[in-house]
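User: Could you take a close look at one strand in this model for me, and then walk me through how some of the other pieces are put together? I'd like residue-level detail, please.

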Amino acid sequence: MEFVILGGVEARVGGRRVDLHARQRGVLAILLVEAGRRVTVDDLVDRLWDGAPPRASRETIYTYLSRLRHLLGGVPIVRTGGGYVLDIEPTAVDMHRFQHLVSEARAADDAGASIGLWNRALALWRGEPFKDLDLPWLNGVRDTLVNQHLSAFLDRNDLWLRRGDHDRLLPELATAAAAHPLNERLAGQLMLALYRSGRQADALAHYTRLRQRLVEQLGCDPSPALQHLHRRLLGADSSLAPPDEAMSPQMLSSGTHVVPANLPLDPPGFVGRRNEMDLLDRLLAVQAPVVAVSGSGGVGKTTLAVHWAHQNRDAFPDGQLYLDLRGFDPASPALDPSQALQALLELLGVPAERIPTSVEARMGHYRSRLAGKRVLVLLDNARDAAQVRPLLPSRSGSMAVVTSRSTLTGLIVAEGARPVSLDVLDEDEARQLLAARLGAERLSSEPRAVTEILAACAGLPLALAIAAARAATSPGFPLLAIARDLADTPRQLDTLATQDLTTDIRAVFSASYQALRPQTARLFRILGLCPGPDISLDAAACMAAMPVERVARLCAELAEARLLAESVPGRYTLPYLARSYAGELARSVDSEPELHAVRARMIGYYTSIEHGAAPQHSVMAVIGTGSATHPFRCGQ
């Protein structure tokens, strides 16, 4: 459950917004402001109707509270001592989380940590507090919050200016100064940033405009402090020059500690993924130290993580580290932890000759470098938890975002990593992706072909991107021709082939397949022969001629590798393109007699189900290469 009041008043259950009418939002807003504290019924009535309540107002309040309990799915609104308490942790409300982060920022000794806290606090604001409500009591709270927000913004700016970050600050300062034209502290910050950016004339002109407004509207001159700054600007006072750190943006004062900023370019035409972006924002707000983004090959894990990282760079003022671990790289071997630590230390500015040799020493040196800092560590394409574990920063403010085709259960269990699971795009998002790459006009000219392309690509972003690339490089080529190639099962994967192994659809699936154990790989190939979109555990066991219990374990391995999904307990779905790849493998790897036997068992199983045969009987199947036979259950 999440509550938002820094903007419109919202309650979200499982990421979905709860539909509330205005009076219900008003009651909820009052309880959220007072989260964890008792509010009397009289106070609720007075704050909701401002001293002019209707008849039966108390009964109406009881109705609102009862309805809120129902809509919020059991969130405790406790009646106590003639009033009510919304019994939740205050930091579940963005307003209280903002105030808590501001207090921490002001108490922090380290400038980098303080800026990170300021940025996280300011990022919680999505608009005017309670913007959809007009109640006098809430209006007073709103004014207080707006003042707190401006004060936090100004305090953060002072730190950024002391660090020499005037260039990145200028756009925000100009916008804020236009909204608060008489705020002298803000004017001073803008004047200093302009001066340090080589715009002395603009800085002096801003002072002149501010002085005229003060004289005309308030009948007074600027404060002595602002007048003193003006005189220093006129005289080009050398003490106003940027600090040494700003002279070389990549270096801190010692010259030995690089501020890393090696994120890949922000992916163009990013679409969809609103729920996942919101979840990552919430995990950032609660300072989750490790996040594991998992999904099948080609589903867009890297795209999501890199785009989110660019959107939240300000939350990590001490840098953003990116490293491709090559866990499922079809062209290169995976990095071992020692190699990965060396690469990370070099990104942090440690000379190669000073990097220790042992993994343990490198890990200690790496974590010491990040201690007390707010750094984002984006570890892309991880193979498993063992590869990632030595690369996690100590829990001192930094955040690790790991992407992998594995669900990284080990990190979730042992390190408390918060999972973010990525699925294929829905039809609307997939259409948006094509439109972003090909233009809406081209899509609208061939609607039938677009529908067929969407169906064939089954929402997999990589497949959609390859299809779009084919169309974009041949603008006179009809989309219908691409759609027909994709619909031709024997040619489908050929249509999605590229010269780059990192984007070729077969190579992407192959990297996941090659990591499987032989028995698991065999089951994957067998499942590629299933004609339908999903299959029961018992049907899979019959096709594989293996005990149900063993097949269940192998299916769990395929699900861990994100090559299979358990849609409901005991029933599994093989993604459409993965099924094409698995079937192609089966026909090239397995002998024709074995494929014939698999198909015969599949037909026999479904025939027995169709004729109402009891599926729970035992059959005899030869397991392995020896002559021993073992019974296995063949159930539906």
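**A close look at β7**

Analyst: Val290, Ala292 and Ser294 point one way from β7, Val291 and Val293 point the other way, and all of them are buried. Keep in mind that this is a predicted model. β7 covers residues 290-294, and five of its five residues are buried, so the strand counts as mostly covered.

Now for the neighbours of β7. With strand β10 (residues 399-404), β7 pairs in the parallel sense over five bridges. One residue pair to look up there is alanine 292, whose bridge partner in β10 is valine 402. β7 also runs parallel to strand β11 (residues 418-421), and four bridges join the two. On that side, look at serine 294: its bridge partner in β11 is serine 421.

For a contrast in pairing sense, try the N-terminal strands. Three strands, in the order β1-β2-β3, make an open sheet with antiparallel pairing. β1 (2-4) and β3 (16-17) each have a single partner strand and stand at the edges, so one side of each has no neighbour in the sheet. Between β2 (residues 10-13) and β3 there are two bridges, again antiparallel. Arginine 12 has arginine 17 in β3 as its bridge partner.

Next, a helix with two faces. In α10 (residues 224-234), the buried residues are Leu226, Leu229, His230 and Leu233. Those residues cover an arc of only 105 degrees around the axis, which puts them on the same side of α10. Turned away from that buried side is a face with the exposed residues Pro224, Arg231 and Leu234. As for what covers the buried residues of α10, that includes α8 (184-196) and α9 (200-218). Just after α10 there's a backbone detail to check: alanine 236 has a positive phi of about 50 degrees.

Finally, a helix pair. The axes of α18 (residues 427-438) and α21 (residues 461-473) come within 10 Å and cross at roughly 30 degrees. Angles under 35 degrees count as roughly parallel, and therefore α18 is roughly parallel to α21. The crossing of this pair, α18 and α21, is right-handed. If you want to pick atoms there, α18 brings Ala430, Leu433, Leu434, Arg437 and Leu438, and these meet Pro461, Leu464, Ala465, Ala468, Ala471 and Ala472 in α21.

Terms used:
Residues are numbered from 1 along each chain as its sequence is written. This is a predicted model: local features need pLDDT of at least 70, side-chain atom pairs count only at pLDDT 80 or more; totals for chains, interfaces and linings use all residues. Side-chain values use heavy atoms; hydrogens and water are left out. Two strands pair if DSSP finds at least two bridges between them. Buried means under 20% relative accessible area, exposed over 50%, partly exposed in between (1.4 Å probe, protein chains only). The arc is that of the directions from the helix axis to the C-beta atoms. Contact means heavy atoms within 4.5 Å. Axes are lines fitted to C-alpha atoms, for helices over the stretch in contact, and angles run from 0 to 180 degrees between N-to-C directions. Angles under 35 degrees count as roughly parallel, over 145 as roughly antiparallel, 65 to 115 as roughly perpendicular and the rest as oblique. A crossing is left-handed if the near helix is turned anticlockwise from the far one by less than a right angle, and right-handed if clockwise.
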